[in-house]
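Here is a set of short exercises to work through with the model open beside you. Try each task on your own before reading its solution.

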Amino acid sequence: MRENCEGPVNGRILAVTADPAAASLALHVLGERGGFEVVHLDDPVIAIRRIRSERWDLVLADLRLPRMSGLDLAQWASRTRPELPIIVVTDGAARPDEVALLPHHADEVLHKPVPPGQLSTVAAGLIGAARRRSPCLSPGVVHDQAQGPAPAGADHADPVPDGRG
């Protein structure tokens, strides 16, 4: 896990990716240049625990993750925290069923390689729109969070064999 806490904070972003280059891009573009607090996790199960226990302004997740897919994470988050914007990033190798479901659970789907300007603009736009809809999501205000059922494996420390990689 890596965190960027430098400078003024425009919001908190949870970046869930096992891709070191994607993590570096998020930390640099959104954190250092964008002024967001960016927390990187490579494990979606830990991400679910953090979403349950902390206030976030945005989740940025790769479609391909260990233990569960970014789609599984987005489905859980959209049911449990419907006010929380979600961006899913895909490398273009998504299955047709995943492509069909992504728009129902993610606020935005981006395709690698993601241009830095696009990542910054989309993230800031989604956070701003969510704050306009729910003023209680403003920085520094913690609100009650629903505790929906987590996807299989999210309540266990052991990896969930699901055939994805």
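**Exercise 1. Write down the order of helices and strands from the N terminus on.**

Solution. Keep in mind that this is a predicted model.
- Step 1: Count the elements: the protein has five helices and six strands.
- Step 2: Walk along the chain from the N terminus, and the order reads β-β-α-β-α-β-α-β-α-β-α.
- Step 3: Look at how the chain folds back on itself. Among contacts with a separation of 6 or more, 74% are between residues 24 or more positions apart.
- Step 4: Finish with the overall burial: 50% of the 165 residues are buried. The accessible surface is about 7,700 Å², and carbon and sulfur atoms hold 57% of that area.

**Exercise 2. Find the largest nonpolar core and say which elements build it.**

Solution. A general point helps here: in soluble globular proteins, nonpolar side chains tend to be buried together.
- Step 1: Locate the residues that touch the most other members of this 24-residue core: L14, V16, I51, W56, V59, L73 and V88.
- Step 2: Map the core onto the elements. Two or more residues each come from β2 (12-16), β3 (37-41), α2 (44-53), β4 (58-62), α3 (70-80) and β5 (86-90).
- Step 3: Pick out the main contributor: α3 gives the largest share, five residues.
- Step 4: Zoom in on W56. Beyond its neighbours within four places in sequence, W56 is in contact with R12, I13, L14, V39, R50, I51, R81 and L84.
- Step 5: Apart from this core lies another, made of 19 residues, including F36, L58, V89 and V122.

**Exercise 3. Decide whether α3 is enclosed or open, and show what surrounds it.**

Solution.
- Step 1: Count burial. Eight of the eleven residues of α3 are buried, so this helix is largely enclosed by the rest of the structure.
- Step 2: Name the buried positions: G70, L71, L73, A74, Q75, W76, A77 and T80.
- Step 3: Find their partners. The buried residues of α3 pack against β2, α2, β4, β5 and α4 (96-105).
- Step 4: Check the start of the helix. S69 caps the N-terminal end of α3, with a side-chain oxygen 3.2 Å from the backbone nitrogen of L71.
- Step 5: Look for a contrast. R79 also sits in helix α3, but R79 counts as exposed because its relative accessibility is 53%, past the 50% cut-off.

**Exercise 4. Trace how H105 meets α3.**

Solution.
- Step 1: Place the residue. H105 belongs to helix α4, and H105 counts as buried because its relative accessible area, 19%, is under the 20% cut-off.
- Step 2: List its contacts. Leaving aside neighbours within four places in sequence, H105 is in contact with L71, A74, Q75, S78 and I86.
- Step 3: Compare sequence with space. H105 and Q75 are 30 residues apart along the chain, yet their C-alpha atoms are separated by 5.3 Å. R79 and H105 are 26 residues apart in sequence, with 8.5 Å between their C-alpha atoms.
- Step 4: Look for a polar link: the side chains of H105 and S78 are joined by a polar contact of 3.1 Å.

**Exercise 5. Is H40 buried or exposed, and what does its side chain meet?**

Solution.
- Step 1: Find H40 in strand β3.
- Step 2: Apply the cut-off. The relative accessibility of H40 is 10%, under 20%, so H40 counts as buried.
- Step 3: Inspect the side chain: one of its polar atoms lies 2.8 Å from the backbone oxygen of T17.

**Exercise 6. Describe the largest pocket and its lining.**

Solution.
- Step 1: Start with volume: the largest pocket holds about 200 Å³ of space.
- Step 2: Of the 16 residues that line this pocket, A22, L25, D62, V89 and K112 lie nearest its centre.
- Step 3: Assign the lining to elements. β2, α1 (20-33) and β4 each supply at least two residues, and the largest share, four residues, comes from α1.

**Exercise 7. Locate two unusual backbone features.**

Solution. Most residues other than glycine have a negative phi, and most peptide bonds are trans.
- Step 1: Go to the K112–P113 bond, which is cis with omega about -5 degrees. P113 lies in the loop between β6 (108-111) and α5 (116-133).
- Step 2: Go to R67, which is not a glycine but has a positive phi of about 75 degrees. R67 is in the loop between β4 and α3.
- Step 3: Check burial: R67 counts as buried, at 14% relative accessibility.

Definitions and conventions:
Residues are numbered from 1 along each chain as its sequence is written. This is a predicted model: local features need pLDDT of at least 70, side-chain atom pairs count only at pLDDT 80 or more; totals for chains, interfaces and linings use all residues. Side-chain values use heavy atoms; hydrogens and water are left out. Buried means under 20% relative accessible area, exposed over 50%, partly exposed in between (1.4 Å probe, protein chains only). Contact means heavy atoms within 4.5 Å. Accessible areas come from the Shrake-Rupley method with a 1.4 Å probe; for residues, only the protein chains shown count as cover. A nonpolar core is a set of buried Ala, Val, Leu, Ile, Met, Phe, Trp, Tyr and Cys residues joined through side-chain atoms within 4.5 Å. A polar contact is a pair of N or O atoms within 3.5 Å; within protein, one must be able to donate a hydrogen and the other to accept it, and residues adjacent in sequence count only if both atoms are side-chain atoms. On a 1 Å grid over the protein atoms alone, a cavity is a set of points where a 1.4 Å probe fits but cannot get out, and a pocket is an open set with protein on both sides within 12 Å along at least five of seven lines; lining residues have an atom within 4 Å of a point. Grid points are joined across faces, edges and corners, and a volume is the space filled by probe spheres set on the points.
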